[in-house]
Structure formats: C-alpha cells, structure tokens
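Work through the following exercises with the model in view, and try each task before reading its solution.

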Amino acid sequence: MRLDVITIFPEYLDPLRHALLGRAIERGILDVAVHDLRSWTHDVHKAVDDTPYGGGPGMVMKPTVWGPALDDVAALTGPAADGLRLDSAHPHVAADDVPEPDAPGGRDDRPVLVVPTPAGRPFTQATAERWATEERLVFACGRYEGIDQRVFEDAGERYRVEEVSLGDYVLIGGEVAVLVMAEAVVRLIPGVLGNRRSHEEDSFQDGLLEGPSYTKPRVWRDREVPAVLLSGDHAKVDRWRRDQALLRTAAVRPELVEALEHDGRLDGHDRSVLEGTAE
Ligand code: 6GU
C-alpha cells in the first residue's frame, strides 16, 4: 500500500515513520510520501488560503493550490514525483486514462482521497477494513475553515473522494486525524502485525468491545486472576471472554448491544448474561 499525505505541516506526519508503521515501511509492505502543499503555490508569500466568499471569520484554502497538488499526487508528477521510491512499482492512473466511476465489470482503480473533516461521515473499524485492501490512499489535510468545495467536486474525476470524521469534536487540522486513520488501516494489512489472531479478537471485530486481560503474577496486591483463565478449558475461557465483552459493552456502549440484538447476533446465553440470570 502507498500512502500520500498533502499538508502545510509535513513535520506533523513524522510519527508515520516510527514504530509499527516504520517497520511496515522497512519491510516493503508500506510506502509513505508526505507532500508540502506550499510546493504548489505560485506567489512569493506561498499563500495557501484566502478570505471566504460571503464573509465570515477565518480563511478558506485556495482551489488554485489544491487542484494542481491533487493532480500531481494522483499522477505522481511535478513536486509529487519527489516522494516516489524508484525501487518499487506503484501502479497509478495516468491523467489521460481516467476510468469511469462505475466501469461495468472493471474494478475502480482511482485512489481513495481521504478528506479529514468534522463534517464528514464517521470513520469506523469498517472503514479501516475497507481501506486496508486499497493500493493507494491519499490524505488531504485542511486547516483553517476548510478547503474550497470545488476542489473535491473536481477531484472526483481522478479519485474516489471520502470526507470522514473521527468523532463529534473539532480538531485544528486533519494531520492528527491522518495519523489515527493510517494506524487503524495499516495494522490490518497482512504481515504488519506479528500475530494474525491479534486483530481477529479486536474490539469491534464482532461488534463488541474487548473485555479485561490479565498476565502474571496470578495474585497481585491480594487481587487474583479470574480462576476460569487458569482452568485450561478453552471453550469455557472463550465463553467467559464473550460474557465479559457483553457486560462491558452493555455498560459503556449500550447502543452497540442494541445493534447486535437488532441484527439477530445475540443468542439465548448472551441474553441471560445481559439480564444477569446466567448461572
Ligand atoms: Cl477527521 N478532522 C478534523 N479536522 N477535525 C475532526 C476530525 C477530522 N474528526 C473530528 N474532528
């Protein structure tokens, strides 16, 4: 997978090269290129924003800067060619070879353009799973009051544009959101996590939050590890873990349990655990 990030604060994205993501880069599973939006400015002040039409506070990022930046990153031309690693092939769509959005039979190979914004659709584990199978993800980090809307209408010719939000709060810009989303996506790529089972048992994988975990010592400050975990009975351990997951989810995210009930994904035992009548 190749990730491109366009931002006016390239140094904000340095953590992408550390830890888990850094290891994926070293092992050739992941390529990351961070592009300074100011490379596409045309004036001596390198202006990326201007006052909003219709008035009001703040500034809006300029389509005349974002448009060429997105063109070049899609095609890996101009200033965007710099980040290209020549030792690995990255299939991409040439500017004069744009596929139809719903080409019948053919897979849509336009990159996904992710636009982090509190006004977007919620980013969830399902989003991360969907993006984890993509060849290319391009992230457009806006600051100030956002980016001129025509940029995204126009980019629809070269990208599958998705405006997404991390939650119901406001960040200053998209950079930190990109770090969050990149980590959620990259850890799902096969070979990135050492232990394959470790994401099959994640929170959200089965619609539930994960229950508690324990390690040695068996007794710590007079607190014992639950006996079932020492029983060696794997079926009993699995059942206990699901019970704990159900109880935690019902306590902190009751709407997730309601969704499972609605989808017919709770059995009789699950219900008796939630009602407190299980033996
Ligand atoms: Cl994805 N971006 C920004 N700028 N603010 C946010 C957000 C994203 N999600 C919540 N607030």
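**Exercise 1. Locate arginine 221 and describe its backbone.**

Arginine 221 sits in the loop that runs between β8 and β9 (223-224), where strands are DSSP runs of E with at least two residues, helices are runs of H or I with at least four, and both are numbered from the N terminus. This is a predicted model, in which local features need pLDDT of at least 70 and side-chain atom pairs count only at pLDDT 80 or more, whereas totals for chains, interfaces and linings use all residues. Residues are numbered from 1 along each chain as its sequence is written, and side-chain values use heavy atoms, with hydrogens and water left out. Turning to the backbone, arginine 221 has a positive phi of about 50°, although it is not a glycine. For context, most residues other than glycine have a negative phi, and most peptide bonds are trans.

**Exercise 2. Find the place of proline 217 and characterise the bond that joins it to lysine 216.**

Begin with the place: proline 217 belongs to the loop between α6 (197-200) and β8 (219-220). Then examine the bond between lysine 216 and proline 217, which is a cis peptide bond with omega of about 5°.

**Exercise 3. Determine how α7 and α8 are oriented and which residues make their contact.**

First, the axes of α7 (residues 234-252) and α8 (residues 254-262) come within 5 Å and cross at roughly 120°; such axes are lines fitted to C-alpha atoms, for helices over the stretch in contact, and angles run from 0 to 180 degrees between N-to-C directions. The two helices, α7 and α8, are therefore oblique to each other, given that angles under 35 degrees count as roughly parallel, over 145 as roughly antiparallel, 65 to 115 as roughly perpendicular and the rest as oblique. Next, the contact (heavy atoms within 4.5 Å) involves Leu246, Thr249, Ala250, Ala251 and Val252 from α7, together with Pro254, Leu256 and Val257 from α8.

**Exercise 4. Identify the polar atoms placed around the nitrogen atoms of the ligand, and state how much of the ligand the protein covers.**

Start with serine 165, which has a polar side-chain atom 3.4 Å from a nitrogen atom of the ligand. On the backbone, a polar atom of leucine 171 is 3.3 Å from a ligand nitrogen atom, and a backbone N or O atom of glycine 173 lies 3.4 Å from a nitrogen atom of the ligand. Finally, of the 290 Å² of accessible area (Shrake-Rupley method, 1.4 Å probe) that the ligand has on its own, the protein covers 97%.

Key. A polar contact is a pair of N or O atoms within 3.5 Å; within protein, one must be able to donate a hydrogen and the other to accept it, and residues adjacent in sequence count only if both atoms are side-chain atoms.
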